[in-house]
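The report below works outward from a single residue to the sheet, the helices and the metal site. Please read it with the coordinates open.

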Amino acid sequence: MSLSIKILPSLLAADFGKLEAGARLAELSGADELHIDIMDGHFVPNLSMGPDVVEMSRRSVKIPLSVHLMVTSPEQMIARFAKAGASTIFVHVEEAVTCDKQGLLKLIAELGVRPGITLNPETEAEAVFPYIGQASEILCMTVHPGYGGQDFIESVLPKIRTIRERLNSDKLETDIMVDGGINMKTAALCAASGANSFVAGTALYGLSDMKAGISDMRIAAERARR
Ligand code: DX5
Ligand code: ZN
């Protein structure tokens, strides 16, 4: 059995004057989930959204909400994002946390949320190996986190393959997500390397027809992994 392809528009690329409409557009266009980027100005230099935007999205759409924490103290915020309606919460493996990462992922699961672990482009695959049994999803950043609209970093591709091979050898059917610079072409490259879940901000919100864009990206990913 192969994992289904998932396409997730990133709300960071929506018009911040019309965020609710941006969330609805993703759902109406056939998105599998909505990706919401949380930045605290410390872990990454930028500031973005908080739990109120997650809560607004939960009221506005029915699709799962994928919450990507780029913050220095995720342990202090997880309960708030779970209460706000997050379906998956991603923490970065690079974050310094006061509790251990295993404890953090356990806490997310105990709150009824899927736990996800994220690696920056330069972080080696081995960094997430201690957590792969606990994570429902592994997010390989394909840009340096903090901003939308950056260029895809192709050197991440072998790492995606290494993680998929490790999951296969452990007989784990875990989603591998990619995030940053994802478009039709780079989604195909990532799918061929073992990713099945694709976050795209600029490439989808920049289109006049997001529905066609999601459908084309899905087809490109399906073809590439055969
Ligand atoms: C970057 C964020 C991404 C961002 C992707 O730190 O994690 O989710 O929205 O934007 P694009 O698709 O424009 O590279
Ligand atoms: Zn993200």
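## From the core to the metal site

With a relative accessibility of 0%, Leu11 counts as buried. This value, like the others here, is computed from a predicted model. Leu11 sits in the loop that joins β1 to α1 (19-28), and, once neighbours within four places in sequence are set aside, Leu11 is in contact with Phe16, Leu19, Gly22, Ala23, Leu34, His35, Ile36, Met49, Val53, Ser57 and Tyr205. Two of these contacts, Val53 and Ser57, reappear among the buried residues of helix α2 (residues 51-60), which are Pro51, Val53, Val54, Met56, Ser57 and Ser60. The buried residues of α2 pack against α1, β2, β3 and α3.

A second buried position, Phe81, belongs to helix α3 (residues 78-84); its relative accessibility of 2% is the reason it counts as buried. Apart from neighbours within four places in sequence, the contacts of Phe81 are Ile38, Gly50, Pro51, Val54, Val67, Leu69, Ala86 and Ile89, and among them Pro51 and Val54 are buried residues of α2.

Two loop positions can be set beside these. Leu111, in the loop between α4 and β5, has a relative accessible area of 38% and is therefore partly exposed. Not counting residues up to four places away in sequence, Leu111 touches Ile78, Ala79 and Ala82. Lys171, in the loop between α5 and β7, is exposed, with a relative accessible area of 73%, and has a positive phi of about 55 degrees despite not being a glycine.

The table lists three residue pairs by their separation along the chain and by their C-alpha to C-alpha distance.

| Pair | Separation in sequence | C-alpha to C-alpha distance |
|---|---|---|
| Leu11 and Ala192 | 181 residues | 26 Å |
| Phe81 and Thr118 | 37 residues | 17 Å |
| Leu111 and Ala82 | 29 residues | 6.6 Å |

### The sheet and the helices across it

How are the strands ordered in the sheet? Eight strands form an open sheet in the order β1-β8-β7-β6-β5-β4-β3-β2, and the pairing is parallel. The edges are occupied by β1 (6-9) and β2, each of which has a single partner strand, so that one side of each is left without a neighbour in the sheet. From one strand to the next, the twist averages 25 degrees.

Within this sheet, strand β4 (residues 88-92) pairs with strand β5 (residues 114-119) in the parallel sense over five bridges, and the bridge partner of Ile89 in β5 is Pro115. Ile89 is also one of the contacts of Phe81. Helix α4 (residues 101-110) lies across β4 and β5 and runs at about 145 degrees to β5, while helix α5 (residues 157-169) lies across β5, β6 (137-141) and β7 (175-179), running at about 165 degrees to β7.

### A helix pair

Two packed helices are described by the angle between their axes and the distance between the axes. The axes of helix α6 (residues 184-193) and helix α8 (residues 210-224) come within 8 Å and cross at roughly 35 degrees, and the crossing of α6 past α8 is right-handed. On the α6 side the contact is made by Met184, Ala187, Ala188, Ala191 and Ala192, and on the α8 side by Gly213, Asp216, Met217, Ala220, Ala221 and Ala224.

### The zinc ion

Which protein residues act as donors to the zinc ion (ligand 2)? The protein donors are His35 (NE2), Asp37 (OD), His68 (ND1) and Asp179 (OD), which lie 2.1 to 2.3 Å from the ion. Along the chain these donors follow the spacing H-x1-D-x30-H-x110-D. Distant parts of the chain are linked by the pair of Asp37, in strand β2 (residues 34-39), and His68, in strand β3 (residues 65-70), which are 31 residues apart. Both Asp37 and His68 are buried.

Why is the arrangement around the zinc ion (ligand 2) octahedral? The six donor atoms around the zinc ion (ligand 2) subtend angles of 69 to 166 degrees, which makes the arrangement octahedral. The donor His35 is also in contact with Leu11, the buried loop residue with which this account began.

Key
Residues numbered from 1 in each chain as written. Chains lettered and ligands numbered in written order. Predicted model: local features only at pLDDT ≥ 70, side-chain atom pairs only at ≥ 80, totals over all residues. Heavy atoms only, no water. Donors = N, O, S within 2.8 Å, 3.2 Å for Na, K, Ca; no water. Tetrahedral: all angles 85-135°; square planar, octahedral: opposite > 155°, others 65-115°. Helix = DSSP H or I, 4+ residues; strand = E, 2+ residues; numbered from the N terminus. Buried < 20%, exposed > 50% of the residue type's maximum accessible area, 1.4 Å probe, protein only. Pairing = 2+ DSSP bridges. Axes fitted to C-alpha atoms, helices over the stretch in contact; angles between N-to-C directions. Contact = heavy atoms within 4.5 Å. Left-handed = near helix turned anticlockwise from the far one by under 90°.
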